[in-house]
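This report describes one protein chain for a reader who has not seen it before. Please look over the sequence and the structure before reading on.

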Amino acid sequence: LGKIPKAGASMVSEGATTTINRWGLRGYDIALEKTPGTIRVLCLGASTTFGQPNDDDESVWPARLERRLNERMPGASVEVLNGAMPGYTVSQSHARLDRDLARFKPDVVVIYHAATSISSYSRRQSRKENAPSSRRGGLPALRDRYSLAYMLLRANTASIFASQFLATRSDRLDGQCIAKFVDDLTALIDDCQRQGRQVVLCTFPRAFDADQPTWQQMQLAQTALFFNPRLSIDGLIDAYERHNDAIRRIATQRHLPLVDLDRAVPRSRAYFVDSVHLSSKGHKVVARHVADTIIRLIDDP
């Protein structure tokens, strides 16, 4: 898996608390065994689900989702588990589900993935082409892989380096990127359905768009450019659109509930703190739309 949250860990950043419970999940402690009648929702994703250092435990969308579901379903008991980890791809979330999270017997699994899969593939392709921005070995490579603090520091200083090597960037990833994403996502869905879990798919929202002025695109795409040394802004937009189209297609083919967050979350600074990470307003919008879908699912399974 590369890394997992350390059970019992906590930190405070800018007055916001990040707490990891005894099971390695972000948020308050829960019992391993589910109380009869309780509905458990497991959220899988990367840092856009886990939250950023300045996101308090109660402000990230999985925590907001739990409060919203319990408020809107009087008499029901809903537990939402934040099973995300910064930097995880779909295949890593799948591996963690098998290893650590299946024992919680979730009834619903919400999958919110795309950015890390794009970035991971973009970096692999960039290394193959020997781009200057991807020559990272030795101690920096070890820090990237094992230190969450170092990874977050790099993310928060991404704007300094985002415009480097723009001339070497491409407007399109090769087709193998989508094929791998579809294979990994389909394998995760198959595993969940074999275990009797209902899957809810989410498309992936972003702050930048083709319709924005160039200066605004550059401002909003800074962190995405940093983590995708292979891609131009046009290439990033193309990659996100192709991945979201693949998610929509899988939802249709498999008859799965779809939360189309790509179309629900406005593309502006008000809803994002960087290229893809949500602001407080963004977390609220995501929680609301996911809650609406889960409530419909419970009412009419």
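Does Leu101 count as buried or exposed? At 1% relative accessibility, Leu101 counts as buried, where buried means under 20% relative accessible area, exposed over 50% and partly exposed in between, with a 1.4 Å probe and protein chains only.

The model is predicted, so to speak of local features a pLDDT of at least 70 is needed, side-chain atom pairs count only at pLDDT 80 or more, and totals for chains, interfaces and linings use all residues. Residues are numbered from 1 along each chain as its sequence is written, and side-chain values use heavy atoms, with hydrogens and water left out.

**The whole protein**

The protein has 13 helices and seven strands; these are DSSP runs numbered from the N terminus, helices being H or I with at least four residues and strands E with at least two. Of its 301 residues, 55% are buried. Among contacts (heavy atoms within 4.5 Å) with a separation of 6 or more, 75% are between residues 24 or more positions apart. The exposed surface is about 13,300 Å², and carbon and sulfur atoms supply 51% of it; areas come from the Shrake-Rupley method with a 1.4 Å probe, and for residues only the protein chains shown count as cover.

**Strand S3**

Strand S3 covers residues 38-45, and because eight of its eight residues are buried, it is largely enclosed by the rest of the structure. In a regular strand the side chains alternate between the two faces of the sheet. Thr38, Arg40, Leu42 and Leu44 point one way from S3, while Ile39, Val41, Cys43 and Gly45 point the other way. Two strands pair if DSSP finds at least two bridges between them. S3 runs parallel to S4 (residues 77-82), with six bridges joining them, and Arg40 stands opposite Glu79 in S4. Five bridges join S3 to S5 (residues 108-112), also in parallel, and the partner of Cys43 in S5 is Val110.

**Helices H2 and H3**

The expected span of a helix is 1.5 Å times one less than its number of residues.

| Helix | Residues | Expected span | Distance between end C-alpha atoms |
|---|---|---|---|
| H2 | 61-72 | 16 Å | 16 Å |
| H3 | 90-101 | 16 Å | 14 Å |

For H2 the two values agree, whereas H3 falls short of the span of a straight helix. The buried residues of H2 are Trp61, Pro62, Ala63, Arg64, Leu65, Glu66 and Leu69. They pack against S3, helix H1 (47-50), S4, S5 and H13.

In H3 the buried residues are Val90, Ser93, His94, Arg96, Leu97, Asp100 and Leu101. They cover an arc of only 165 degrees around the axis, which puts them on the same side of H3; the arc is that of the directions from the helix axis to the C-beta atoms.

Leu101 touches Leu25, Leu42, Leu44, Gly83, Arg96 and Pro106, not counting residues up to four places away in sequence. Leu101 and Leu81 are 20 residues apart in sequence, with their C-alpha atoms 9.3 Å apart in space.

**Ser275**

Ser275 is in the loop between helix H12 (261-264) and helix H13 (280-299). Ser275 is buried, at a relative accessible area of 1%. Its side chain reaches the backbone nitrogen of Ala224 at 3.0 Å. Leaving aside neighbours within four places in sequence, the contacts of Ser275 include Arg206, Phe208, Leu220 and Thr223.

Terms used:
Polar contact = N/O pair within 3.5 Å; in protein donor to acceptor, adjacent residues only side chain to side chain.
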